[in-house]
Amino acid sequence: MSSHLFAYGSLVVPEVMQAVTCRSFRHAEARLHGFARHMLEGRVYPGVTEAGGCTTEGRVYFDLDEDALARLDYFEADEYVRRTLEVEVEGESPALAFVYVIPDHLADLATDDV
């Protein structure tokens, strides 16, 4: 079974995605509504939290397999939870995609920086 992934941090760069998953995937610009992007305190990478009225820009990668998802889970570690959310895809219909979201118990790490 294949799945889609919405990326909003370093994985928006196709070469980074390929380095993590050892594969290339079709991709497109996309937006995630209802979530805000934040830098995480003491870290050099972002996360997203639910925030009505906000939109996060990113990229959706299409048709990932289980091996790619396992590699991404390892890359994202325990600081995120993988959720299925609807994303608006540039030039296409909205799609359901996995998104790595900051879990509630780590939400205090989110800063005002984006």
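Does Thr-84 count as buried, exposed or partly exposed, and what is its relative accessibility? In this predicted model, Thr-84 counts as partly exposed, because its relative accessibility is 48%. The residue belongs to strand E4. Apart from neighbours within four places in sequence, Thr-84 makes contact with Leu-96, Ala-97 and Phe-98. Its C-alpha atom is separated by 8.9 Å from that of Tyr-100, a residue 16 places further away along the chain.

The strand that carries Thr-84 is part of a barrel. Five strands close into this barrel in the order E1-E3-E2-E4-E5, and their pairing is mixed. From one strand to the next, the twist averages 45 degrees. In general, the strands of a sheet pair through backbone hydrogen bonds, in either a parallel or an antiparallel manner. Both arrangements can be followed from strand E1. Four bridges join E1 to E3, and these two strands run antiparallel; within E3, Arg-59 stands opposite Ala-7. Two bridges join E1 to E5, and here the strands run parallel. Phe-6 has Val-99 of E5 as its bridge partner. Strand E1 is largely enclosed by the rest of the structure, because four of its five residues are buried.

Another pairing of the barrel involves strand E2, residues 27-39, and strand E4, residues 81-89, which run antiparallel and are joined by two bridges. Ala-30 stands opposite Val-89 in E4. Strand E2 also contains His-38. With a relative accessible area of 16%, His-38 falls under the 20% limit and is therefore buried. The side chain of His-38 is joined to that of Thr-49 by a polar contact of 2.9 Å.

Two helices lie across the strands. Helix H1 lies across E1, which spans residues 3-7, together with E2 and E3, the last of these spanning residues 46-64. The angle between H1 and E3 is about 65 degrees. Helix H2 lies across E1, E3, E4 and E5, where E5 covers residues 95-101. Relative to E5, H2 runs at about 30 degrees.

The helices also pack against each other. H1, residues 14-21, and H2, residues 66-76, meet at an angle of about 100 degrees, and their axes are 8 Å apart. Angles of 65 to 115 degrees count as roughly perpendicular, and H1 and H2 are therefore roughly perpendicular to each other. On the side of H1, the contact is made by Met-17, Val-20 and Thr-21, while H2 contributes Ala-68, Arg-71, Leu-72 and Phe-75. By class, this contact has five nonpolar residues, one polar residue and one charged residue.

The loops that follow contain two residues with notable backbone angles. Most residues other than glycine have a negative phi. Cys-22, although not a glycine, has a positive phi of about 65 degrees. This residue lies in the loop between H1 and E2, and Cys-22 counts as exposed because its relative accessibility is 52%. Ala-77, likewise a residue other than glycine, has a positive phi near 60 degrees. Its place is in the loop between H2 and E4. Ala-77 counts as partly exposed, because its relative accessibility is 44%.

Methods: Residues numbered from 1 in each chain as written. Predicted model: local features only at pLDDT ≥ 70, side-chain atom pairs only at ≥ 80, totals over all residues. Heavy atoms only, no water. Axes fitted to C-alpha atoms, helices over the stretch in contact; angles between N-to-C directions. Parallel < 35°, antiparallel > 145°, perpendicular 65-115°, else oblique. Contact = heavy atoms within 4.5 Å. Nonpolar A, V, L, I, M, F, W, Y, C, P; charged D, E, K, R; others polar. Pairing = 2+ DSSP bridges. Buried < 20%, exposed > 50% of the residue type's maximum accessible area, 1.4 Å probe, protein only. Polar contact = N/O pair within 3.5 Å; in protein donor to acceptor, adjacent residues only side chain to side chain.
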